[in-house]
Every structure is written in structure tokens, then in C-alpha cells.
Amino acid sequence: MTKKIGIFGGTFNPIHLGHLRSAIELRDGFGLDAVYLIPSASPPHKGTAELAPARDRMEMVRQAIKGHAGLRVSDIELKRQGPSFTIDTVCAFRKHLSEDAWLYLIMGLDAFLEIETWKSYQDLLHIIPLIVINRPDHQGRLKPSVSNAVSTLLEHSTLQGYECSMDTPCFTHCEKQPIFVYNVTAMEISSTRIREMIRHSQAIDFLVPETVRTYIQAKGLYQ
Ligand code: ATP
């Protein structure tokens, strides 16, 4: 049977419940057989100042997903040298899967709104369908709707030529892969805020899985 696989890349510095709840809701709501969480070894768009070692970020993801069917972790970016570009990950990942597997690239709205800064983003849009999920901004505000925000970018950028199909909801293009939008439970959690709280000796309970909290504490990360 054809498998539907989601690829969810991130710095995961550290992984938190916003990432995990989104992955679970996509698995169930979008009918994905598996969601691969892929920690970035060397994120091209983020500074390295507060970046925990890739092996630790990977281990936190591994512990966070333990026991959750359909959630997987991949070390594909940790095995590559240089910046972790999504286009390279998607191409490499494709090779590991059977021919008939359907791949989807998952990202939060904040990531999608920066897609024009990504390496070979036009090629990326040709080779893999996207699923863009909603995410509250730093003040906890949700965009009016994830569809509207995606639609505005598609109209006013180098990404023109998409048509909105209301039933899914999804944006289609005659040459490129579709861009789906999907609403997950809005959780105003970010790794930045978690790192800040740790620096200020505040409790991060219930923002990350208990195993991740214990790991951070044991390793003295983000102090
Ligand atoms: P940081 O605060 O360090 O920038 P982050 O919390 O944004 O980190 P990332 O690891 O950079 O986390 O995010 C990976 C992916 O998960 C991105 O596509 C991002 O948009 C999405 N994401 C992160 N947090 C949430 C959340 N609370 N709800 C939905 N999506 C999220």
C-alpha cells in the first residue's frame, strides 16, 4: 500500500510540545503513516550562539517520541557536512523510500513566510508538496487564518501562479506541487522562550516532555 510520509525539519533546540502536538495532529488529521522529525545539524537561518550539540538535540527528539506510533526521528542531516539545506534533505530522503511513497514537507507558517530565502526554493516547490501549519506569533496572536497568510505571500512574491482550492484547503499550480494548509491546535511555545526560561531558572514543566526536561537538566543545557 502507498505510504504517506511527512518530513518535519527543525532545529529542535529543544523539541517542545508545539512541535510534538503538531506532528500528532498531522499524523491523524492528514492520514500520514509516519512523521519524520529531522533535527538540523547546522541550521542555515539560525545563529549558533545558543545551539545545543546536534547529538543532544537528536537524543531529545528520540526520547520525546518514544512510544508514539508513527513518529520517527532521522539523523540524515547529522550525517552531512556543511549547512543543512532542506532541498538536500528532501532529495536524500526520497532515495531511502520506496518509489510509490508520497512525501510531504511540513513547516510552520513562520518558516513558510521565509521560504524565498531558502536554497533552491523554487526547485523544492517542484519536487515536494508542502503542508503549512498555523503558529501563533511571539505575542500569542494567530494570523487571521493560515490560508490568508499563505495566500498573501503567494500573490505578492516570486511564488505567483497558484490557485486556491477551497475544499481541501490547498493551493495548486500547473507546474509545482500543491501547498496544503492545515490547522493544528495553536500552542504559543517556542524553543527561544524555553531557553530563555532556563537561563532565568524558571520551570519548563509542561512545555516539553518530562524526559526532555530531565535530559536538559542532567546535561546542563541552555544555562
Ligand atoms: P526557535 O525559537 O529556536 O526559533 P522554534 O520553536 O521556532 O525554535 P524550530 O525547531 O525552529 O522551533 O521549528 C521547527 C518547525 O516547527 C518550524 O517549521 C516551525 O515553524 C514549527 N514550529 C515550531 N514551534 C511551533 C509551534 N508552537 N506550533 C506550530 N509549529 C511550530
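Student: In this predicted model, is Phe 30 buried or exposed?
Tutor: The relative accessibility of Phe 30 is 12%. A residue counts as buried when this value is under 20%. Phe 30 therefore falls in the class called buried.

Student: Which class does Tyr 104 belong to, buried or exposed?
Tutor: The relative accessible area of Tyr 104 is 6%. The limit for a buried residue is under 20%. Tyr 104 is therefore also to be described as buried.

Student: How many aromatic pairs does the model contain?
Tutor: Two rings form a pair if their centres lie within 6.5 Å. By this rule, the number of aromatic pairs is 6.

Student: Of what kind is the pair of Phe 8 and Phe 12?
Tutor: The ring centres of Phe 8 and Phe 12 are 6.1 Å apart, and the ring planes stand at 85°. Both residues are buried. Planes over 60 degrees apart define one kind of pair, so Phe 8 and Phe 12 are classed as edge-to-face.

Student: What is the angle between the ring planes of Phe 30 and Tyr 104?
Tutor: The centres of these two rings are 5.4 Å apart. Their pair is edge-to-face, and the angle between the planes is 75°.

Student: How many residues apart are Phe 30 and Tyr 104?
Tutor: Phe 30 belongs to the loop between α1 (17-29) and β2 (34-39). Tyr 104 belongs to strand β4 (residues 102-108). The pair thus links distant parts of the chain, and the separation is 74 residues.

Student: Which residues do ring pairs link with Phe 30 and Tyr 104 into a cluster?
Tutor: Phe 30 and Tyr 104 form one aromatic pair. Ring pairs join these two into a cluster with Phe 180 and Tyr 182.

Student: Which strands are at the edges of the sheet?
Tutor: The open sheet has 8 strands in the order β3-β2-β1-β4-β5-β8-β7-β6, with mixed pairing. An edge strand here pairs on one side only. The edge strands are β3 (71-73) and β6 (163-165).

Student: By what angle are neighbouring strands of this sheet turned against each other on average?
Tutor: The value concerns neighbouring strands in the order β3-β2-β1-β4-β5-β8-β7-β6. With direction ignored, the average turn is 25°.

Student: How many bridges join β4 to β5?
Tutor: Strand β4 has 6 of its 7 residues buried. On one side, β4 pairs with strand β1 (residues 4-10) in the parallel sense over 5 bridges, with Gly 6 opposite Tyr 104. Towards β5 (residues 130-133), Leu 105 stands opposite Leu 130, and Met 107 has Val 132 as its bridge partner. β4 and β5 run parallel, and the number of bridges joining them is 4.

Student: Which strands does helix α6 touch?
Tutor: Helix α6 (residues 146-155) packs on the sheet, and its direction makes about 150° with that of β8. The strands that α6 touches are β5, β7 (170-172) and β8 (179-182).

Student: Which side chain has an N or O atom 2.5 Å from an oxygen atom of the ligand?
Tutor: The ligand is surrounded by 23 residues, and Arg 135 and Thr 192 are among the closest. For His 16, a polar side-chain atom lies 3.0 Å from a ligand oxygen atom. The corresponding distance for Arg 135 is 2.8 Å. The value of 2.5 Å belongs to Thr 192.

Definitions and conventions: Residues are numbered from 1 along each chain as its sequence is written. This is a predicted model: local features need pLDDT of at least 70, side-chain atom pairs count only at pLDDT 80 or more; totals for chains, interfaces and linings use all residues. Side-chain values use heavy atoms; hydrogens and water are left out. Rings of Phe, Tyr and Trp (its six-membered ring) pair if their centres lie within 6.5 Å; planes under 30 degrees apart count as stacked, over 60 as edge-to-face and the rest as tilted. Buried means under 20% relative accessible area, exposed over 50%, partly exposed in between (1.4 Å probe, protein chains only). Helices (H or I, at least four residues) and strands (E, at least two) are DSSP runs, numbered from the N terminus. Two strands pair if DSSP finds at least two bridges between them. Axes are lines fitted to C-alpha atoms, for helices over the stretch in contact, and angles run from 0 to 180 degrees between N-to-C directions. Contact means heavy atoms within 4.5 Å. A residue is near a molecule or strand if one of its heavy atoms lies within 4 Å of it. A polar contact is a pair of N or O atoms within 3.5 Å; within protein, one must be able to donate a hydrogen and the other to accept it, and residues adjacent in sequence count only if both atoms are side-chain atoms.
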